[in-house]
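User: Got a minute to go through this model with me? I'd like to start with the cysteines.

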Amino acid sequence: MSRGYVVVASVTNFYYISAINLIDSIKEYNPEAHVTLVTEKKLLDSSSDIADNIIICDSHKRSKLYGMYMSPYDQTFYIDADCEVLHEDISTVFDLFDGNDILFTSLPEERSYCYAELHWPAGHFTYCGAVCLYDMTNPLVKEFMFDWYKLTVEQYAGLWWPKKTGTEEWDIENYPRSLSRWDQFSLWWLINKEPKYEQLKFGTLEKEEDARWNRFSRYRESHSTKPTVIWHHSANEQKHKL
């Protein structure tokens, strides 16, 4: 059983630099960690030597999903590049599966002040894709990761959107096009509308535990009294400048 971490950096130097810093923080608190960096060839430099494995990806805003699908590990913990590990409990993440095939952190109502979009007429977001623990020993999980990547690319390119029943017309009323910027929407669709994946078990961590594994920089301290494992620099304004 191989276990490892996947970090993806694409499009801008900000994400590459952030990914290198994230890998460094993973190894600081878990020296035995095996980490795969997925990135573009144009971004690579000698700092990538910190990674144990490198996979080359295309330049796309959501290459993270390609990287998740390409994970070389039986069990994988994916972490967004704009995160930082702050606690040694990072080494225990693979103990958190608790019978799930895929485990996310959540987007609960009480933290909605941090989110740009949570509700729409036909549903609401439940799962956050910033960190994800998944078991690739289940072949259906690998298929899910590929379909999530493929559907998101089509969504971003304007090639796919939910249609009105019995028509080819996009259902903008129930699914506003503002949702197209989120990979959480393609995730929501596959989980809630694709019968193929009904047998997969998706889960989230308990709320206080959840916040420490994906602590948005704008979260109020009251969301978790436990030490933060992963700090998510979600409000960093440099993301689009480097």
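User: Is Cys 83 buried or exposed?

Analyst: Cys 83 is buried, at 4% relative accessible area. Buried means under 20% relative accessible area, exposed over 50%, and partly exposed in between, with a 1.4 Å probe and protein chains only. Keep in mind that this is a predicted model, where local features need pLDDT of at least 70, side-chain atom pairs count only at pLDDT 80 or more, and totals for chains, interfaces and linings use all residues. Residues are numbered from 1 along each chain as its sequence is written, and side-chain values use heavy atoms, with hydrogens and water left out.

User: How many disulfides turn up in the whole structure?

Analyst: The search finds 0, taking a disulfide as a pair of cysteine sulfur atoms within 2.5 Å. For Cys 83, the nearest cysteine sulfur belongs to Cys 128, 8.6 Å away.

User: And what about Cys 128?

Analyst: Cys 128 is buried too, with a relative accessible area of 3%. Its closest cysteine sulfur is the one in Cys 83, and 8.6 Å is too far for a bond.

User: Switching to pockets: which residues lie nearest the centre of the second largest one?

Analyst: Cys 83 comes back here, along with Ser 18, Asn 21, Glu 84 and His 233, out of 13 lining residues. The elements giving two or more residues to that lining are α1 and β5. Helices (H or I, at least four residues) and strands (E, at least two) are DSSP runs, numbered from the N terminus.

User: Which element gives the largest share, and how much space is there?

Analyst: α1 does, with 7 residues, and the pocket holds about 170 Å³. A pocket is an open set of points on a 1 Å grid over the protein atoms alone, with protein on both sides within 12 Å along at least five of seven lines; a cavity is a set where a 1.4 Å probe fits but cannot get out, and lining residues have an atom within 4 Å of a point. Points are joined across faces, edges and corners, and the volume is the space filled by probe spheres set on them.

User: What's the mix of residue classes in that lining?

Analyst: 4 nonpolar, 5 polar and 4 charged. Ala, Val, Leu, Ile, Met, Phe, Trp, Tyr, Cys and Pro count as nonpolar, Asp, Glu, Lys and Arg as charged, and the others, Gly among them, as polar.

User: How many cavities of 30 Å³ or more?

Analyst: 1. The largest cavity has a volume of about 70 Å³, and its lining includes Phe 77, Phe 104, Cys 132 and Trp 213. β6 and β9 (127-135) each supply at least two lining residues. By class, that lining has 10 nonpolar, 1 polar and no charged residues.

User: Back to α1. What covers its buried residues?

Analyst: The cover includes β1, β2 (35-39), β4 (75-79) and β5, where contact means heavy atoms within 4.5 Å. Among the buried residues of α1 are Phe 14, Ser 18, Leu 22 and Lys 27.

User: Last one: what's odd about Val 11?

Analyst: Val 11 has a positive phi of about 75 degrees although it is not a glycine. Most residues other than glycine have a negative phi. Val 11 sits in the loop between β1 (3-9) and α1 (13-29), and counts as partly exposed at 35% relative accessibility. Asp 98 also has a positive phi, about 50 degrees, and is exposed at 67%.
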